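Grab a pencil and work through a few short exercises on the structure below. Each one has a task, followed by a solution in steps.

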Amino acid sequence: MNSNTNVWRRSLGQGLAAITVSLGLASFQNIDTAAASEKSIEERYQVDTVATGLTMPWASALLPNGDLLVTERVGKLRLVKNGVLDPQEITGLPEILYKGQGGLLDINLHPDYAKNGWIYLSYSSPKKAGEPGDDAGANTALLRAKLKGHALVEVQHLFKALPNVKSNPHYGGRIVFDGKGYVFLSLGERGQKEKAQDLSKDQGKIVRLHDNGKIPTDNPFVKTKNADPAIWTYGHRNPQGLIYNKKTGVLWEHEHGPQGGDELNIIEKGNNYGWPVITYGIDYDNSIISEDTVKAGMEQPITFWRPSIAPCGMTLVDNSKFEDWNGDLLVGSLKFWYLQHLTLEGNKVTKREVIFEKLGRVRDVRQGHDGNIYVVLENSGKVVRISPKN
């Protein structure tokens with residue numbers, strides 16, 4: 001069977017699956033993806049550059065004093081003060097493997113940062129003696145530390161995904177807190193898709209920990225033989241967006257599909273999100289990864305993108321400064337260099353709107369404690385701030 005026939009069969013199978021499922025899948029493929037009026041956006045909001053000169057920036061965190069911490073994937077943590085990149089790097093980072101999609105990844109502040117000073121970082125950690133996996137391999141790790149001057153102190157290593165894998169893609173690495181004492185970390189399947197369904201491996205999972213790194217006793221697979229008890233959900237490809245809605249208690253996640261099939265999901269305890277058994281995408285050589293888009297016991301996405309936008313970074317707008325976005329999600333696109341505004345009604349996406357076209361290769365999107373939106377642009381080495389015009 002040639003690749004064109006495969007693609008045709010794929011399209012037919014997806015259409016039939018959408019018809020047979022009564023959960024709104026037939027309609028969410030047709031969500032309005034309108035291009036916003038550029039003039040109206042410009043009339044309402046302004047984009048200011050708050051940091052330049054960064055090398056492959058990955059994520060940012062706004063400190064209470066207004067300074068900005070920014071991770072660079074090349075393995076450096078930088079400080080921005082009053083819009084100026086401090087030339088002095090922050091020391092105290094562990095050994096980091098900068099290779100492929102690996103490096104220094106996400107950063108997030110503990111919800112009680114003002115009281116305890118804890119900063120959380122994810123990164124690709126090379127294999128240590130005694131760890132399972134490939135020699136010269138690595139996997140995603142999580143630490144916390146405090147900032148003293150230009151140094152990380154009281155560094156605590158909380159978690160490392162195992163086994164170590166030599167391949168270069170799909171580290172995941174997003175960190176989010178639920179405000180109830182738990183921290184979630186997303187883990188990509190490292191290019192070994194079948195491992196996403198294997199509970200003995202950390203690839204393609206989201207893990208849940210106490211904020212001190214201990215494993216909660218009520219995690220879903222604590223009593224499952226050979227399973228990693230840190231696992232909260234599984235069947236993920238490469239989760240690059242993770243945000244917790246404190247008002248509703250919903251944990252939102254998005255992840256990269258292959259060609260097509262980028263997904264937006266609601267993450268719930270113990271669920272299987274299907275990769276690679278079900279998918280709305282095809283492989284990069286146009287071959288079929290799976291004939292199935294729906295299967296019993298596997299979760300359907302809230303919405304998906306086809307073609308892929310390579311979603312990266314996500315924030316929930318929950319302040320009145322952005323009246324027309326309040327309560328909605330903003331998602332970055334690595335591929336198309338824009339943001340998407342996803343209108344939410346409850347837990348449904350009713351509209352997708354492209355905003356700030358040609359902004360740049362978006363790696364991170366988050367709302368600061370000042371209510372403004374901070375966007376990390378990988379290609380230009382900038383962090384920009386979106387705020388309402390007075």
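**Exercise 1: Salt bridges**

Task: find which side chain Arg78 meets in a salt bridge, and say whether the two residues are buried or exposed.

Solution. Start with the pair: Arg78 and Glu72 meet through their side chains in a salt bridge, at 3.5 Å from N to O. The rule asks for a side-chain nitrogen of Lys or Arg within 4 Å of a carboxyl oxygen of Asp or Glu. Next, check burial: Arg78 and Glu72 are both buried, where buried means under 20% relative accessible area, exposed over 50%, and partly exposed in between (1.4 Å probe, protein chains only).

Before you go on, note that this is a predicted model, where local features need pLDDT of at least 70 and side-chain atom pairs count only at pLDDT 80 or more, while totals for chains, interfaces and linings use all residues. Residues are numbered from 1 along each chain as its sequence is written, and side-chain values use heavy atoms, with hydrogens and water left out.

Task: now do the same for Lys127 and its partner.

Solution. Lys127 bridges to Asp135, with the closest N and O atoms 3.0 Å apart. Lys127 is partly exposed at 26% relative accessible area, whereas Asp135 is exposed at 57%. To finish, Asp106, Arg174, Asp364 and Arg366 are linked in a network of salt bridges, and the total count is 17 salt bridges.

**Exercise 2: A sheet**

Task: work out the strand order of the open sheet that holds β23, and explain why one side of β23 has no neighbour.

Solution. First, the order is β2-β25-β24-β23, with antiparallel pairing. Strands are DSSP runs (E, at least two residues), numbered from the N terminus, and two of them pair if DSSP finds at least two bridges between them. Second, β2 (45–51) and β23 are the edges; each has a single partner strand, so one side of each lacks a neighbour in the sheet. Third, look at one pairing: β23 and β24 (residues 373–377) share five bridges, and Val365 sits opposite Val375 in β24.

**Exercise 3: The largest pocket**

Task: describe the largest pocket and say which strand gives the largest share of its lining.

Solution. The space is about 980 Å³, a volume being what is filled by probe spheres set on grid points joined across faces, edges and corners. A pocket is an open set of points on a 1 Å grid over the protein atoms alone, where a 1.4 Å probe fits, with protein on both sides within 12 Å along at least five of seven lines; lining residues have an atom within 4 Å of a point. The largest share, six residues, comes from β15.

Key. Helices (H or I, at least four residues) and strands (E, at least two) are DSSP runs, numbered from the N terminus.
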